[in-house]
Amino acid sequence: MPDALGTYGGHIVHEDFYHFLATAGDLGPGMIFGVGTVAAVQVIDETDGVIEIVTASGAGNMGGYRAAGAFSPGTNGPLSVEVRLKMPTVADAMSVGFATLIATPDEIIDADTWDGGTADGAAFVLDDGATDANSWYAASGTSSAVSTRAIISTDYDPTNDEWQVLRVEVNEDGSVNFYAADELGVGNGSLELVASHVAGSVSTTALLYPYVYTAANSGTATLDVDYFHFTANRDWNVE
């Protein structure tokens, strides 16, 4: 029969929001976070357990879901986070990936750049204030290095009220792989590798939180999340 080491030798968080009732704060292995008032409610007209995250109105407000703990690529890698998400109306900004603790939206989303001056991490980023306002960027950076970012194929541009799956993997050497799929048939229903960043793109010692969030550029921002899946290895070098 399965043993604890074989089953729980690594960290696994899978939140499908079937039981989700909270509006903010702790939620088991994860938590709702944000700037300004954040509403997070179960969507009763969707199947499979979906939450809808709605930010307060106005630029600078944000809301999302993240793991309660942080993990280091060099110690716990490889790390992965995978999210199925959609926006009822594609606007404002949204992001999926890993970062040091996020206090304001422009630590990750800042028009055309990953704001490497304040955060370490790697993520998919979409911002309607960017040059390519309707496309996903694959971005990574450290607090001491120039950011890396590029638009993935426009085949994956989000569409109003259509589901997509995004996955970010950060390896022990700080390299990053980005995967995407959507319900419109891109990738034939399976995740496709859409971007890769070289070793050292992410700090191997930074403590990173897996997350998904949306940020308002004006009015409120709304994001639907079906599931949040995260994996990491345990640190077997603790003395």
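How many salt bridges does the structure hold? There are 4 salt bridges to find (a salt bridge being a side-chain nitrogen of Lys or Arg within 4 Å of a carboxyl oxygen of Asp or Glu). Before you start clicking, note that this is a predicted model, in which local features need pLDDT of at least 70 and side-chain atom pairs count only at pLDDT 80 or more, while totals for chains, interfaces and linings use all residues. Residues are numbered from 1 along each chain as its sequence is written, and side-chain values use heavy atoms, with hydrogens and water left out.

**Stop 1: the salt bridges**

Select Glu82 and Arg167 to begin. These two form a salt bridge whose closest N and O atoms are 2.9 Å apart. The pair links distant parts of the chain: Glu82 belongs to strand E7 (residues 79–86) and Arg167 to strand E12 (residues 164–170), 85 residues apart. Helices (H or I, at least four residues) and strands (E, at least two) are DSSP runs, numbered from the N terminus.

Now add Glu169 to the selection. Its side chain meets that of Arg167 in a salt bridge, at 2.8 Å from N to O. Shared partners thus give you one network made of Glu82, Arg167 and Glu169. Are Glu82 and Arg167 buried or exposed? Both are buried, a label that means under 20% relative accessible area, with exposed over 50% and partly exposed in between (1.4 Å probe, protein chains only). Arg167 counts as buried because its relative accessibility is 18%, and Glu169 counts as buried because its value is 18%.

Next, pick Asp161 and Lys86. Their side chains meet in a salt bridge, 3.0 Å from N to O. Asp161 lies in the loop between strand E11 (145–151) and E12, and Lys86 lies in strand E7, so this pair ties together parts that are 75 residues apart in sequence. Lys86 is buried, since its relative accessible area is 4%, whereas Asp161 counts as partly exposed because its value is 39%.

**Stop 2: two backbone details**

Stay on Asp161 and look at its backbone. Phi of Asp161 is near 60 degrees, a positive value in a residue other than glycine. For context, most residues other than glycine have a negative phi, and most peptide bonds are trans.

Then move to Gly77 and Pro78. The peptide bond from Gly77 to Pro78 is cis, with omega near 0 degrees. You will find Pro78 in the loop between H2 and E7.

**Stop 3: a cavity**

Turn on a cavity display if your viewer has one. The structure holds 2 cavities of 30 Å³ or more. Here a cavity is a set of points, on a 1 Å grid over the protein atoms alone, where a 1.4 Å probe fits but cannot get out; lining residues have an atom within 4 Å of a point. The second largest cavity has a volume of about 40 Å³, volume being the space filled by probe spheres set on the points, which are joined across faces, edges and corners.

Which residues line the second largest cavity? Select Leu85, Lys86, Met87, Val90, Met94, Trp136, Pro158, Thr159, Glu162 and Gln164. Lys86 is the residue you met in the salt bridge with Asp161. By class, this lining has 6 nonpolar, 2 polar and 2 charged residues (nonpolar: Ala, Val, Leu, Ile, Met, Phe, Trp, Tyr, Cys and Pro; charged: Asp, Glu, Lys and Arg; polar: the others, Gly among them).

**Stop 4: the rings**

A search of the whole structure finds 6 aromatic pairs. Rings of Phe, Tyr and Trp (its six-membered ring) pair if their centres lie within 6.5 Å; planes under 30 degrees apart count as stacked, over 60 as edge-to-face and the rest as tilted.

Show Phe71 and Phe230, a tilted pair with 4.8 Å centre to centre and 45 degrees between the planes. Phe71 sits in the loop between strand E6 (62–67) and helix H2 (73–76), and Phe230 in strand E16 (residues 222–233), 159 residues apart. Phe71 and Phe230 are buried. Add Phe98 to see one aromatic cluster of Phe71, Phe98 and Phe230.

**Stop 5: Thr214**

Finish at Thr214 in strand E15 (residues 209–215). Thr214 is buried, because its relative accessible area is 0%. Draw a distance from its C-alpha atom to that of Asp127: the two are separated by 9.5 Å, though 87 residues apart along the chain.

Key. On a 1 Å grid over the protein atoms alone, a cavity is a set of points where a 1.4 Å probe fits but cannot get out, and a pocket is an open set with protein on both sides within 12 Å along at least five of seven lines; lining residues have an atom within 4 Å of a point.
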